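Student: Please take me through a single part of this predicted model in close detail. I would like to follow one strand and whatever surrounds it.

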Amino acid sequence: MFKTEFIQGDVNELVFEHKYDVVVCHAFLLHVENPKEILQKMISCLVDRGRIICFEPHWISGMANYSLYGYDSSDVVQLGFLQKLFERDAHRSGKDGNIGIKVPVYLSQLGVKQIECRVSDKVNFLDPNSEFEKTNALFSSLKEDGFGADPGEQEQFISNLMNRGATYEEGQNEYRLESFLSKAFKNDTFLTYAANMKITTGVIER
């Protein structure tokens, strides 16, 4: 039994008085505008030889890891367009959905040693020949994450993408693809998907 304490607050303002053996973040750095500052704060909380562990996404590699049976990958995901869109979002907002692949560099620049980076080996398999409850739970989870979701009203969808730097034509193409996918992706189709979460770890040497 471990003694635990949960603290709610703004990580930029919280002051940590204790030093810890391990600090962990999970799908967090992609939501902040100052990831290196947050990493430095995590490092400052560690004892000598303490370990930092970061679980962070690399969106574009995740998008490349969908395979919907019966369809070409290019019918499902526009990698080139999405790569540019994610990069524009990061430049505009400072929040980077592809940060998982960059964390090893950031940690090295902050003086962390023995850095290793791995990829989550979990592959989700939507199997219509499996138990209905299991299949439906995965199907619902993927829909909630946005894969195969209804894109909604066309002009509003395109307008939202244009606000993120897309052209009108790019917005039209993406709307057509997502509309098609929302109809093609059903819980009786075969789908394999690897999220490709990056897991980076390193040791602090003071």
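Tutor: Take strand 1. It runs parallel to strand 2 (residues 46–56), and 6 bridges join the two. One position shows the pairing: Y20 stands opposite L46 in strand 2. Helix 1 packs on the sheet here, touching both strand 1 and strand 2. The direction of helix 1 makes about 145° with that of strand 2.

Now the whole sheet. The sheet is open and has 4 strands in the order 1-2-7-4, with mixed pairing. Strand 1 and strand 4 (113–119) stand at the edges. Each has a single partner strand, so one side of each is left without a neighbour in the sheet. On average, neighbouring strands of this sheet are turned by 10° against each other, direction ignored.

Strand 1 also belongs to a pocket wall. The largest pocket has a volume of about 1,000 Å³. Its lining counts 25 residues, and the closest to the pocket centre are E5, I7, F16, Y20 and V23. Two elements give two or more residues to this lining: strand 1 (20–26) and helix 1 (35–44). Strand 1 supplies the largest share, 6 residues. By class, the lining has 16 nonpolar, 5 polar and 4 charged residues.

Y20 ties these views together. Y20 stands opposite L46 in the sheet, and Y20 is also among the residues closest to the centre of the largest pocket. Helix 1 likewise appears twice: helix 1 packs on the sheet, and helix 1 gives two or more residues to the lining of the largest pocket.

Conventions: Residues numbered from 1 in each chain as written. Predicted model: local features only at pLDDT ≥ 70, side-chain atom pairs only at ≥ 80, totals over all residues. Heavy atoms only, no water. 1 Å grid on protein atoms, 1.4 Å probe; cavity = no way out; pocket = protein on both sides within 12 Å on 5 of 7 lines; lining within 4 Å. Points joined across faces, edges and corners; volume = space filled by probe spheres on them. Nonpolar A, V, L, I, M, F, W, Y, C, P; charged D, E, K, R; others polar. Pairing = 2+ DSSP bridges. Axes fitted to C-alpha atoms, helices over the stretch in contact; angles between N-to-C directions. Contact = heavy atoms within 4.5 Å.
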